Amino acid sequence: FQDTWVAGLADTLIDKDLAEHKLYAPTDTLTDLVLAPFNARVMKDPKVWGGIIGALALGIGVSLAIEGGVPETTSTDSDKVNVFGWQAPRALGYPAGGLVFTGLFTHVAPAEELLFRGVVQSELAREYGETTGWIGGSLIFGAIHAPNAYALPKEERRDYYVYGLPVITAIGSYLGYLYKDGDYSLAAPTAVHFWYDFLLSAAVFTLDPQNSPISANVGLRF
């Protein structure tokens, strides 16, 4: 719901910019952005697939450094995978996890790119110049992710601020660079954003399938 609201708001603002013939307004449709991670024309660009590899290496490296290495699974049954509390066989659990991540990041990536690059960076570029727009948009992208720390246990928040937030800001900076370098098309940054989120989450899920982002189990007492 959040991403639908953000995408709708950003799309309205961008349509207004286009109607007024403003500089740096992206012309990508929502369909273009949803399909961008699977578009061969977009993905063949070395700045896209190379950016995915670089961002993923950075994300996994920092995550492993914080954790002190590859985590040891807490599973008591190595043949099971925790998918929202369902102890699934690995042959079913991993594909199910892949579908969850695909569904999640198919709307996260377009929504965030529409807002942070399509609205924020473009507006700053119009007001203060392209380079300032790029830098300012990247810093705002990082700052907006700061409250995510409150979803973590208290003992993990410091590491998020010290290590996680700079990585998010750096990756946001690269996404902003792709946007600026690509004549203000959102296709390339959306593709990198999607695959970074998807592959990083998949790596965490594979390394520790009992304590992954989708291992939550909700119980109600009556």
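The dialogue below reads several features of a predicted model, from its overall fold elements to its salt bridges, a pocket and a surface patch.

Student: Before looking at single residues, how many helices and strands does the chain have, and in what order do the elements run?

Tutor: The chain has 8 helices and 2 strands, and from the N terminus on the elements run α-α-α-α-β-β-α-α-α-α. Of the 222 residues of the chain, 41% count as buried.

Student: How should I read the salt bridges, and how many are there?

Tutor: The general idea is a distance rule, in which a side-chain nitrogen of Lys or Arg lies within 4 Å of a carboxyl oxygen of Asp or Glu. In this model the count by that rule comes to 8 salt bridges.

Student: Which residue forms a salt bridge with Asp 181, and which parts of the chain does the pair tie together?

Tutor: Asp 181 forms a salt bridge with Lys 47, and their closest N and O atoms are 2.6 Å apart. Because Asp 181 lies in helix 7 and Lys 47 in helix 4 (residues 46–67), the pair ties together parts that are 134 residues apart in sequence. Asp 181 counts as partly exposed, at 38% relative accessibility, and Lys 47 is likewise partly exposed, with a relative accessible area of 32%.

Student: What separates Glu 113 and Arg 117 along the chain, and are their side chains buried or exposed?

Tutor: Glu 113 and Arg 117 are 4 residues apart in helix 5 (residues 90–128), so about one helical turn separates them. Their side chains meet in a salt bridge of 2.6 Å, taken from N to O, and both residues are buried, a term that here requires under 20% relative accessible area.

Student: Which residues are linked in a network of salt bridges?

Tutor: The network links Lys 16, Asp 17, Glu 20, Lys 22, Glu 123 and Arg 126. Among its pairs is the salt bridge of Lys 22 with Asp 17, where the closest N and O atoms are 3.5 Å apart. The two partners fall into separate accessibility classes, since Lys 22 is partly exposed at 32% relative accessibility, whereas Asp 17 is buried at 8%.

Student: Turning to pockets, how much space lies in the second largest pocket, and which residues lie nearest its centre?

Tutor: A pocket can be read from its volume and then from its lining. The second largest pocket holds about 290 Å³ of space and is lined by 16 residues, of which Arg 41, Val 42, Ser 185, Ala 187 and Ala 188 lie nearest the centre. By character, the lining residues divide into 6 nonpolar, 4 polar and 6 charged.

Student: Which helices supply at least two residues of that lining, and where does the largest share come from?

Tutor: Helix 2 (30–35), helix 3 (40–43), helix 7 and helix 8 (187–207) each supply at least two residues of the lining. The largest share, 3 residues, comes from helix 2.

Student: Finally, which residues make the nonpolar surface patch, and which helix gives the most to it?

Tutor: A patch of this kind joins nonpolar side chains that have over 30% relative accessible area. Here Ile 66, Tyr 150, Tyr 161, Val 162 and Tyr 163 make a nonpolar surface patch of about 480 Å², and helix 7 (residues 154–181) gives the most to the patch, with 3 residues. Tyr 161, whose place is in helix 7, is partly exposed with a relative accessible area of 35%.

Terms used: Residues numbered from 1 in each chain as written. Predicted model: local features only at pLDDT ≥ 70, side-chain atom pairs only at ≥ 80, totals over all residues. Heavy atoms only, no water. Patch = residues over 30% accessible without salt bridge, like charges linked within 9 Å, V, L, I, M, F, W, Y side chains within 5 Å. Areas by Shrake-Rupley, 256 points an atom, 1.4 Å probe, with all protein chains shown as cover. Buried < 20%, exposed > 50% of the residue type's maximum accessible area, 1.4 Å probe, protein only. 1 Å grid on protein atoms, 1.4 Å probe; cavity = no way out; pocket = protein on both sides within 12 Å on 5 of 7 lines; lining within 4 Å. Points joined across faces, edges and corners; volume = space filled by probe spheres on them. Nonpolar A, V, L, I, M, F, W, Y, C, P; charged D, E, K, R; others polar.
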